[in-house]
Amino acid sequence: MKKIYNNPVGESKYTGLLFVMPFIAGFILFGIYPFVMSFVLSFTDSGINSSPEFIGIENFRRLLNDSDFHKAVAVTLKYILMLVPLKLIVSLGTALLLNMNIKGMGFFRTVYYIPSILGSNIAIVIMWSFLFTSGGLVNQVLEKLGIMPVSWYGESNPAMFMIVLLRVWEFGSTMIIFLSALNDIPRELYDSAKVDGAGKIRMFFSITMPMLRNVIFFNLVMQSITAFQEFNAPFMITGGNPMKGTYTVSMLIYDEAFRYYDTGYANAVSWVLFTMTALFVAVLFRLTRKLRSDDI
């Protein structure tokens, strides 16, 4: 005997929409609306206390002659090229170590993930900045090793490397993704390779790396997008100094909007940053597609 359920048409038609309405309203209010308004304001001369005045593409023309913008773009690209490869290598190397079948490995995985939770904490950033002062722990260790102390805050390259090290230290989320992918690789592949006499290095490059190709690309894209938007670490540790050697595009946007109150120009810079990020990711997709076609 079939059971008949009452399913009023009106209830099934609007109940689902009612449940997702808070998300839709929030997405429109805090996502789409700011996105559209930012694009509109990028064509205006506007400030916090002044009404917008349409000026066309003058803000984008101003970018061409803005030395601060050129410097910020160069610093941001340098930061990405330093951070992303190093962070991926450290994350993958740690994931390989934590993928071993050793007693208590769950504890070590938790410990290695903690920096990703604490890294953006202001207290951690302050502690990090003290570690690299002239008389800080890092220089003390270098002196014990017979190495000259480094002027971390006096030169642009050491200052940039100091910030890169902080972000590399927060490799936990990337490591977890690599670790999950490593667990999905069939053990039979390694067993067959051992029977054929392959060593660990050969298995890494012939089995592990090809099987992790998609995950490596995913982490590469996500870390690159995050690096393009870097703001907190250079703002709190170096303030963009020395000589604006750690002055990123996001810091320029902040200064234009909240120090000089030129919100129109700040939005124009934001859209250029968005375009740069999109083009960079598009190039990564293009290169990956080309490499795959060459392998075939």
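This short talk goes through the salt bridges and then the pockets of the structure shown above.

Please keep in mind from the start that this is a predicted model. Let me begin with the charged side chains, where a search of the whole structure turns up 7 salt bridges.

One of these salt bridges is made by the side chains of Arg62 and Glu256, with an N to O distance of 3.7 Å. Since Arg62 belongs to helix H2, residues 58–64, while Glu256 belongs to helix H13, residues 249–258, the pair ties together parts that are 194 residues apart in sequence. If you ask how the two partners sit relative to the surface, Arg62 counts as partly exposed, because its relative accessibility is 36%, whereas Glu256, at 7%, counts as buried.

Another salt bridge joins the side chains of Glu230 and Arg167, and here the N to O distance is 2.9 Å. Glu230 is found in the loop between helix H11 (213–228) and helix H12 (232–237), and Arg167 is in helix H7 (residues 156–169), so this pair ties together parts that are 63 residues apart in sequence. Are these two residues buried or exposed? Glu230 counts as buried, with 7% relative accessibility, and Arg167 is buried too, with a relative accessible area of 10%.

There is also a salt bridge between Asp255 and Arg259, whose closest N and O atoms are 3.7 Å apart; Asp255 is buried, at a relative accessible area of 7%. Coming back to Arg62 and Glu256, salt bridges that share partners join these two residues and Asp262 into one network.

Now let us turn to the pockets. The largest pocket has a volume of about 480 Å³, and of the 14 residues that line it, Leu96, Asn99, Arg187, Tyr190 and Lys200 are the closest to its centre. Which helices supply at least two residues each to this lining? They are helix H3 (67–98), helix H9 (187–195) and helix H10 (200–211), and H10 gives the most, with 5 residues. Sorted by class, the lining of the largest pocket holds 8 nonpolar, 3 polar and 3 charged residues.

The second largest pocket has a volume of about 310 Å³, and it is lined by 13 residues, with Gln229, Ser250, Ile253, Ser270 and Leu273 nearest its centre. H13, which we met through Glu256, supplies at least two residues of this lining, as does helix H14 (263–295), and H14 gives the most, with 7 residues. By class, the lining of the second largest pocket has 7 nonpolar and 6 polar residues, but no charged residues.

Notes
Residues numbered from 1 in each chain as written. Predicted model: local features only at pLDDT ≥ 70, side-chain atom pairs only at ≥ 80, totals over all residues. Heavy atoms only, no water. Salt bridge = Lys/Arg side-chain N within 4 Å of Asp/Glu carboxyl O. Helix = DSSP H or I, 4+ residues; strand = E, 2+ residues; numbered from the N terminus. Buried < 20%, exposed > 50% of the residue type's maximum accessible area, 1.4 Å probe, protein only. 1 Å grid on protein atoms, 1.4 Å probe; cavity = no way out; pocket = protein on both sides within 12 Å on 5 of 7 lines; lining within 4 Å. Points joined across faces, edges and corners; volume = space filled by probe spheres on them. Nonpolar A, V, L, I, M, F, W, Y, C, P; charged D, E, K, R; others polar.
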